Amino acid sequence: MDPLIVAVIGLALMSLLMLLGMPIAFTMLAAGLLGNAYLLSVPAATHLAATNVWEQFSSYGLSVIPLFVLMGQFAYRAGTTERLYQAAYTWVGRMPGGLACTTVAASAGFSAICGSNSATTATMGTIAMPEMRRYGYDPALSSGAIAVGGTLGVVIPPSVVLIVIAVQTEQSLLRLFVAAVVPGLILTALFLATIVWMCMRNPALGPLGPQTTWGEKFRALTGVVEALLLFSLVIGGLYMGWFTPTEAGAAGAFGALAIGLVQRSLDFKGIVQSIVESVRISAMVVLLITGAVLFGRFLTVSRLPFELAEWASALPVAPFVILLVVLGIYIVGGMLMDALGFLVVTIPIFFPLGVALGYDPVWYTVILTIVTTMGAVTPPVGVNVFIVHGLAPEIPIHTIFRGVMYFMVSFVLCILMMWVFPVTVTGLPNWMLGAG
């Protein structure tokens, strides 16, 4: 059988297993193992699988993932998130929709020390939902703000998604981190502008918070200091060359632990819970990468990515038309799967295509990440929406999705800005690190 047909059958098998509820990592492992067994041989496939599993689980480069996850867990259980929220509320609570703005701003701050959309959504939802309910906020706006604020965890560094893509595509992790900073800030600003605009048109959606003095505002900034220190330690240390990515993760985790211990806000039980949760999340991510690598080997043997790139390059259409199709695929895929899972599955297919079309790898990676992130809040399987519903089961799913729809224009505007002005992605890393 033609290898390309085998690759298509493998993709169909993987999709079927996902629809049947099998975890994404195992679907990729199964499809990759069976595909390699057919195209090569059973002994070669099992040897390749054993080699890949050993390489991934013993990879020094992947040790960065549990360390960054651990940093976020320590920060959360040390109360850093609550202090961030209170500081943000003191500064922007008086704005129209102030509590919703606070939620988005605090989500951006927590994303800078977390790296996960689901963790950011769950953390901020736990803190913000009772407050917005107490002040009479519209359920659609409050739940929508929590869900879209959580998507910043995938964009703003240190993003676990960017770490995984850097490993998969052998790109500079520091360059990807720096490149995602400006788009993350743009997306945050657009979310805030959406909330303010909506609440100016209809003040009943989000009542004004209490007036605060400048003294109270500046005193509240102490709640931001620790998150800012951690972010500066990690990104600054990477930029200055003090740390490798793994060492930066270790320094960040130690810094978060030290802050919790010095402030006596992190006890032994919290430390144990942080470690257990970090192990669980890290095992899931590493298993995803292992499955993606094995599945990627299968696709490489079948030559599907290369044939697809050559076919697309030869089409009598402008490259941006093909990119539009790819982005459409990522939007739909993100609606059906978790952002990390979908990116891990598709990067071996579509990353070579983007490079073959002449797009900057860093720009292409960041824009794919943001487009896929939209799927975390869109029906039918918006992961963040279901997390918010789990925290507030009295709010119907359709109400949360309606609240999320308010922010879709923000995503579209951010993507258009990145497309029309690529310097928003490539400018900062080129200035700080030189042309890549």
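This text leads through a predicted model, from helix H11 to the nonpolar core and the aromatic pairs.

Helix H11 covers residues 173-201. At 1.5 Å a residue, its 29 residues should span 42 Å, and the C-alpha atoms at its ends lie 42 Å apart, so expectation and model agree. The helix nevertheless has a bend of about 30 degrees at valine 181, and proline 183 follows within four residues.

The largest nonpolar core holds 131 residues, of which Leu141, Ile195, Tyr330 and Tyr364 touch the most other members. H11 gives the most to this core, contributing 15 residues. Around tyrosine 330, once neighbours within four places in sequence are left aside, the residues in contact are Phe342, Leu343, Thr346, Ile347, Phe350, Leu368, Val371 and Thr372.

Aromatic rings form a further theme. A pair of such rings is described by the distance of the centres and the angle of the planes. The model contains seven aromatic pairs. In one of them, phenylalanine 191 and phenylalanine 411 meet edge-to-face, with 5.3 Å from centre to centre and 70 degrees between the planes. This pair links distant parts of the chain, since phenylalanine 191 belongs to H11 and phenylalanine 411 to helix H22 (residues 408-420), 220 residues apart. Phenylalanine 191 and phenylalanine 411 are both buried.

The rings of tyrosine 359 and tryptophan 363 have centres 5.5 Å apart and planes at 25 degrees; because planes under 30 degrees apart count as stacked, this pair is stacked. Tyrosine 359 and tryptophan 363 are likewise both buried. Together with Phe351 and Tyr364, these two residues form one aromatic cluster. Tyr364 is also among the core residues that touch the most other members.

Key: Residues numbered from 1 in each chain as written. Predicted model: local features only at pLDDT ≥ 70, side-chain atom pairs only at ≥ 80, totals over all residues. Heavy atoms only, no water. Helix = DSSP H or I, 4+ residues; strand = E, 2+ residues; numbered from the N terminus. Expected span 1.5 Å × (residues − 1). Bend = angle between axes of the 7 residues up to and from the residue. Core = buried A, V, L, I, M, F, W, Y, C linked by side-chain atoms within 4.5 Å. Buried < 20%, exposed > 50% of the residue type's maximum accessible area, 1.4 Å probe, protein only. Contact = heavy atoms within 4.5 Å. Phe/Tyr/Trp six-rings, centres within 6.5 Å; stacked < 30°, edge-to-face > 60°.
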